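Here is a short briefing on one protein chain. Look at the structure first, then work through the points below.

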Amino acid sequence: MKLAVVFGLIGIGFLLLVLSGLWVSWFPGTSMWTPEKNDQWSDVKDRMHNLGFILNDPRNRASMHSGPERGTAKQEFDELKAKYDRLSAEFQTAHDRPHTVSKFLKWSGISLAAIGIIGWYAVKQTS
C-alpha cells in the first residue's frame with residue numbers, strides 16, 4: 001500500500017512536470033490578447049505620442065493658429081493615459097498568466113516527485 005502511494009506521487013509529479021512544459025503552447029497568451037486590442041493599444045500609443053509634441057512645445061505660446069488648445073490636449077492625453085494603463089495591464093496579464101501557471105505546475109511536479117522518491121527510499125529502508 002505504501003509503495004503504491006509512493007509510485008502514485010512520483011507518477012503525478014512527472015505528469016505535472018510534462019504538463020507544465022506543454023501548458024504555454026496549449027494556452028497561449030494570444031487567446032486573451034486579440035488583434036483588435038493590439039490595434040487599439042497601438043492607436044492609443046500613437047495618439048499619445050502626437051499629443052506629447054503639443055503638450056511639450058518649448059515655445060509654449062497661446063495662439064489662434066497654433067493648433068489644438070493645450071487644455072483640450074492635456075485632457076485628451078490624460079484620458080488616453082488611463083486607457084493606455086488599462087490596456088498595458090491587460091497585456092501583461094495575458095503575457096504572464098500562462099507562464100505563471102506553467103511555473104506552478106513545474107514546481108508542484110518537482111516537489112511531488114521528490115517527495116515520492118524520498119518516500120520510496122524510506123519504504124525500501126524499512127522493508
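L3 sits in helix 1. The model is predicted. In it, L3 has a relative accessible area of 33%. Partly exposed covers the range between under 20%, which is buried, and over 50%, which is exposed, so L3 is partly exposed.

**The nonpolar surface patch**
- L3 shares a nonpolar patch on the surface with F7, W120 and Y121.
- Together, these four residues have about 410 Å² of accessible area.
- Which helices each supply at least two residues of the patch? They are helix 1, residues 2-26, and helix 3, residues 70-126.

**Helix 2 against helix 3**
- Two packed helices are described by the angle between their axes and the distance between those axes.
- Helix 2 spans residues 35-55 and packs against helix 3.
- The angle between helix 2 and helix 3 is about 145°.
- Their axes lie 9 Å apart.
- Is the crossing of helix 2 and helix 3 left-handed or right-handed? This crossing is left-handed.
- The contact of helix 2 with helix 3 involves twelve nonpolar residues, two polar ones and ten charged ones.

**A114 in helix 3**
- A114 belongs to helix 3.
- Is A114 buried, partly exposed or exposed? Its relative accessibility is 36%, so A114 counts as partly exposed.
- A114 and G13 are 101 residues apart along the chain.
- In space, the C-alpha atoms of A114 and G13 are separated by 8.0 Å.

Note on methods. Residues are numbered from 1 along each chain as its sequence is written. This is a predicted model: local features need pLDDT of at least 70, side-chain atom pairs count only at pLDDT 80 or more; totals for chains, interfaces and linings use all residues. Side-chain values use heavy atoms; hydrogens and water are left out. Patches are made of residues with over 30% relative accessible area and no salt bridge: like charges are joined within 9 Å, nonpolar side chains (Val, Leu, Ile, Met, Phe, Trp, Tyr) within 5 Å. Accessible areas come from the Shrake-Rupley method with a 1.4 Å probe; for residues, only the protein chains shown count as cover. A salt bridge is a side-chain nitrogen of Lys or Arg within 4 Å of a carboxyl oxygen of Asp or Glu. Helices (H or I, at least four residues) and strands (E, at least two) are DSSP runs, numbered from the N terminus. Buried means under 20% relative accessible area, exposed over 50%, partly exposed in between (1.4 Å probe, protein chains only). Axes are lines fitted to C-alpha atoms, for helices over the stretch in contact, and angles run from 0 to 180 degrees between N-to-C directions. A crossing is left-handed if the near helix is turned anticlockwise from the far one by less than a right angle, and right-handed if clockwise. Ala, Val, Leu, Ile, Met, Phe, Trp, Tyr, Cys and Pro count as nonpolar, Asp, Glu, Lys and Arg as charged, and the others, Gly among them, as polar.
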